[in-house]
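User: Please take a close look at the place where the two chains meet, and follow it outward into the rest of the model. I would like one connected account.

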Amino acid sequence: MKTLYRQFTVATLFILAISILIGFTIANIFYLTVTKEETIEQNVAIAEEIIQTVQNIPYSAESFTSYMQAVAELGYQIALVDSSSEMQFFGEPFDDTTLPEQAKRVVAENETYTGLDNFTGEIFMIGHFTNKLHNTVGVPFERDGERYGLFIRPDTKLVSTDIHSVLIGFVAAIALVSIVGMIFMARQLTRPIVQLTEATKHIARENYSFPLDIRRNDEIGQLSESFNLMQTQLQHNDLARKSFISNVSHDFQSPLMNIQGYADLLKSPALSDEDRFAYTSIIDQEAKRLSSLTRQLLILTSLDQGAYPMKVKDFQLDEQLKEVIRKYRWRLEEEDIHLSYQLSPTRFRGDAELLDNVWDNLLTNAIKYNKPGGSIEISLQANDSDVLLTFKDTGQGIPEEAIPQLFDRFFRVDAARKKDSTGLGLSIVHQIVTLHHGTIRVNSTLGSESEFVLTFPHPDLKQS
Amino acid sequence: MKVLVVDDDSYIQQLVAIHLGKASYTVFKADDAEQALRLLEDQHVDLAIVDVMMPGMDGFELTRILTQDLGIPVILLTAKSQLEDKEKGFLSGTEDYIVKPFEPKELLFRVAVVLRRSERAVQEHLQAGNLSINRRNFELAIGNETVILPLKEFEILSLLVSRANLATPRGLLMDYVWGEDHEGSEMTLNTHINRIRDRLKRYGATVEIHTLRGIGYKLEALK
């Protein structure tokens with residue numbers, strides 16, 4: 001694995017190398033344009049000063065030599081050339097003592113030689129440091145009627161050792177500090193990442209309480225914050241899922257057990273007709289409950305898949321409601337419930353199949369929780385902005401404390417009254433209504449009536 | 001009453017047949033359209049229950065033949081996913097349709113409704129005061145409110161409305177609603193009439209049912 005550490009270190013070294021290269025180039029350009037000229041002028045001035053001293057004070061040959069030696073010891077390499085090209089050296093010896101043609105003109109033509117000018121061929125300012133005779137400045141002078149050329153250059157060995165070590169130390173310090181700093185930075189950056197990786201592994205194992213101790217004000221801090229948020233949400237979802245599954249399996253198990261149990265009882269040959277009838281009707285009821293449970297679960301899971309593909313179309317809402325009422329006429333007849341409705345013709349836009357479930361649930365609830373001889377009133381009104389529906393029944397009513405939970409999954413007002421309820425119907429209703437940007441409200445008086453009021457924004461059908 | 005059940009699913013066919021049989025209908029069964037038509041060559045039926053999805057000739061085609069050529073009312077059985085099929089179904093002239101899965105009781109209710117309708121060739125729409133009766137949908141409208149009455153009450157009221165301002169003898173009402181063999185008693189008729197009166201009053205109907213002592217009832221529009 002390419003660790004972040006290594007990548008950081010490599011990147012640091014690379015950046016260091018690049019910056020040295022760039023620094024060198026810039027220094028070089030600076031040297032070539034500014035420093036070089038100055039150095040040459042300086043050297044020429046020094047050479048001329050030496051000559052002046054030599055010419056003003058009449059030295060003997062010995063004292064001339066010792067003077068030259070003294071100058072050389074101050075940090076110069078000196079070559080003295082006479083007209084017959086005889087050379088005399090003071091100070092550090094040159095590596096290469098060949099004298100270029102141009103330099104010979106110092107003695108012959110009385111010109112000043114600036115050797116550094118010729119080093120354009122050499123790589124940059126390294127030329128400045130080559131220990132060769134042609135890398136000097138030459139100045140002509142006369143002594144005792146004899147013409148000489150004085151070639152000098154500062155002894156770089158003497159000067160440079162200090163500068164070099166300072167420079168090397170400087171570069172090394174920069175390199176060291178930046179590498180150490182980078183490693184420290186990398187640590188700081190990778191530590192929370194390693195922690196986050198560890199946390200994701202825990203989540204994969206369904207442990208949602210891994211403590212993340214990352215307090216930072218940067219992007220990583222944000223990441224860990226949203227990670228914590230996700231963790232809480234996942235934990236919540238996990239709990240919801242688990243309770244959902246346990247509810248579902250319980251709700252599947254109990255009717256299945258009843259069916260099994262009563263089917264077993266039916267096998268017994270000595271059974272009164274009354275008992276036989278009672279057992280079969282239990283089996284019948286439980287089978288119906290299972291069937292509606294599976295149907296509702298199917299709707300719920302398809303609604304849960306985040307973006308449920310709504311098959312939105314325009315349709316006649318009042319017709320759909322009449323259709324649902326028509327479907328349950330036999331039950332109204334059977335349970336002696338009186339139904340009346342007032343449906344103003346309304347064109348609506350939505351998922352007709354989903355909405356069909358809403359009306360179906362609300363109407364069957366109104367029948368189920370009604371009393372014999374009771375009544376149901378359904379109304380549909382539309383104005384410019386809203387579509388308003390009410391389902392009102394003269395039934396058992398809903399206790400006030402149960403209303404907030406009414407739309408929760410698997411919530412039953414009367415826990416004992418499980419026979420014909422899955423506890424999913426109203427949660428489906430709520431979800432579908434919300435999906436259509438509508439709201440649902442319940443008004444109820446315990447023991448006498450309940451009213452479900454649904455409000456949908458009126459679709460602007462003119463656009464279509 | 002004779003009912004023909006046409007469905008290729010033998011379980012559903014049998015289930016429907018058993019329920020109809022228990023409701024004292026005479027049931028004939030057919031697995032597909034061809035078999036049904038062969039059976040009808042020497043057998044008359046009052047109603048056919050036809051599944052939409054069948055191999056060979058489909059339910060729509062069969063319904064067209066039954067209703068247009070043979071004059072037999074049809075109840076179509078259709079799956080939920082074929083909801084748009086209902087328009088197609090009515091185009092081919094079916095009387096009613098029912099969406100699967102259905103309760104056997106729902107089917108029996110529909111069968112009774114369709115048979116009643118085809119049996120009594122009365123006017124489809126009746127009117128008296130602010131009452132408006134649709135005999136096709138078995139709906140009663142009072143003003144702009146629609147009221148679903150139990151079938152028997154609906155029958156009683158529609159007979160009274162069709163004979164508005166005329167005396168309707170008890171015997172005629174009893175025969176009409178319960179049939180010639182008089183299952184119901186005069187007491188139940190009274191109960192039904194009273195319930196109808198309550199409802200008319202509740203929805204502000206502008207008609208009134210008068211009792212004619214010793215004779216029967218008379219429905220009159222209020223002025």
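Analyst: In this predicted model, the contact between the chains involves eleven residues of chain B and eleven residues of chain A. On the chain B side, helix 5 (104-119) and strand 9 (145-148) each supply at least two of the touching residues. Strand 9 of chain B gives the most, with four residues. Sorted by class, the side of chain B that touches chain A holds six nonpolar, three charged and two polar residues.

Strand 9 of chain B also pairs across the chain boundary: with strand 7 of chain A (residues 338-343), in the antiparallel sense, over three bridges. Within that pairing, B:V147 of strand 9 is the bridge partner of A:S340. As a general point, strands of a sheet pair through backbone hydrogen bonds, either parallel or antiparallel.

The two paired strands belong to an open sheet of nine strands with mixed pairing, ordered 11(A)-12(A)-10(A)-9(A)-7(A)-9(B)-8(B)-7(B)-6(B). Strand 11 (439-445) of chain A and strand 6 (125-128) of chain B stand at its edges; each has a single partner strand, so one side of each is left without a neighbour in the sheet. Direction ignored, neighbouring strands of this sheet are turned against each other by 15° on average. Helix 9 of chain A packs on the sheet, where it touches strand 9 (375-382), strand 10 (386-393) and strand 12 (449-457) of chain A. The direction of helix 9 of chain A makes about 25° with that of strand 10 of chain A.

At the chain B edge, strand 6 pairs with strand 7 of chain B (residues 131-134) in the antiparallel sense over four bridges. One opposed pair there is B:L126 and B:I133, the latter in strand 7 of chain B. These two strands form a hairpin with two residues between them, and B:G129 takes a positive phi near 55° in it. The faces of strand 6 of chain B are unlike in cover: B:L126 and B:A128 make up the covered face, B:H125 and B:Q127 the uncovered one.

Another hairpin of chain B is built from strand 11 and strand 12, with three residues between them; in its turn B:G214 has a positive phi of about 80°. Strand 11 of chain B (residues 207-212) and strand 12 of chain B (residues 216-221) pair in the antiparallel sense over six bridges. B:E208 has B:E220, in strand 12 of chain B, as its bridge partner. Strand 11 of chain B is hardly covered, and none of its six residues is buried.

Beneath the sheet and its surroundings lies the question of the cores. In soluble globular proteins, nonpolar side chains tend to be buried together. The largest nonpolar core here has 89 residues, and those with the most contacts inside it are B:V3, B:V6, B:A48 and B:I49. Helix 9 of chain A, the helix that packs on the sheet, contributes the largest share of this core, seven residues. Leaving aside neighbours within four places in sequence, B:I49 is in contact with B:V3, B:V5, B:V6, B:V16, B:I75 and B:L77. Another core, of 22 residues, lies apart from the largest one and includes A:A79, A:F94, A:L133 and A:F141.

Helix 9 (352-368) of chain A is also among the elements that cover the buried residues of helix 6 of chain A, as are helix 5 (219-267) and helix 10 (425-435) of chain A. The buried residues of helix 6 of chain A include A:E286, A:R289 and A:I299. Helix 6 of chain A (residues 273-304) has 32 residues and reaches 46 Å from its first C-alpha to its last, close to the 46 Å expected at 1.5 Å a residue.

For each chain as a whole, the figures are as follows. Chain A contains ten helices and twelve strands, and buried residues make up 22% of its 464 residues. Chain B has eight helices and twelve strands, and 32% of its 223 residues count as buried. Of the contacts with a separation of 6 or more, residues 24 or more positions apart account for 67% in chain A and for 54% in chain B.

Notes:
Residues numbered from 1 in each chain as written. Chains lettered and ligands numbered in written order. Predicted model: local features only at pLDDT ≥ 70, side-chain atom pairs only at ≥ 80, totals over all residues. Contact = placed C-beta atoms within 7 Å. Nonpolar A, V, L, I, M, F, W, Y, C, P; charged D, E, K, R; others polar. Pairing = 2+ DSSP bridges. Expected span 1.5 Å × (residues − 1). Buried ≥ 20, exposed ≤ 12 C-beta atoms within 10 Å, placed from the backbone. Core = buried A, V, L, I, M, F, W, Y, C linked by C-beta atoms within 7 Å. Axes fitted to C-alpha atoms, helices over the stretch in contact; angles between N-to-C directions.
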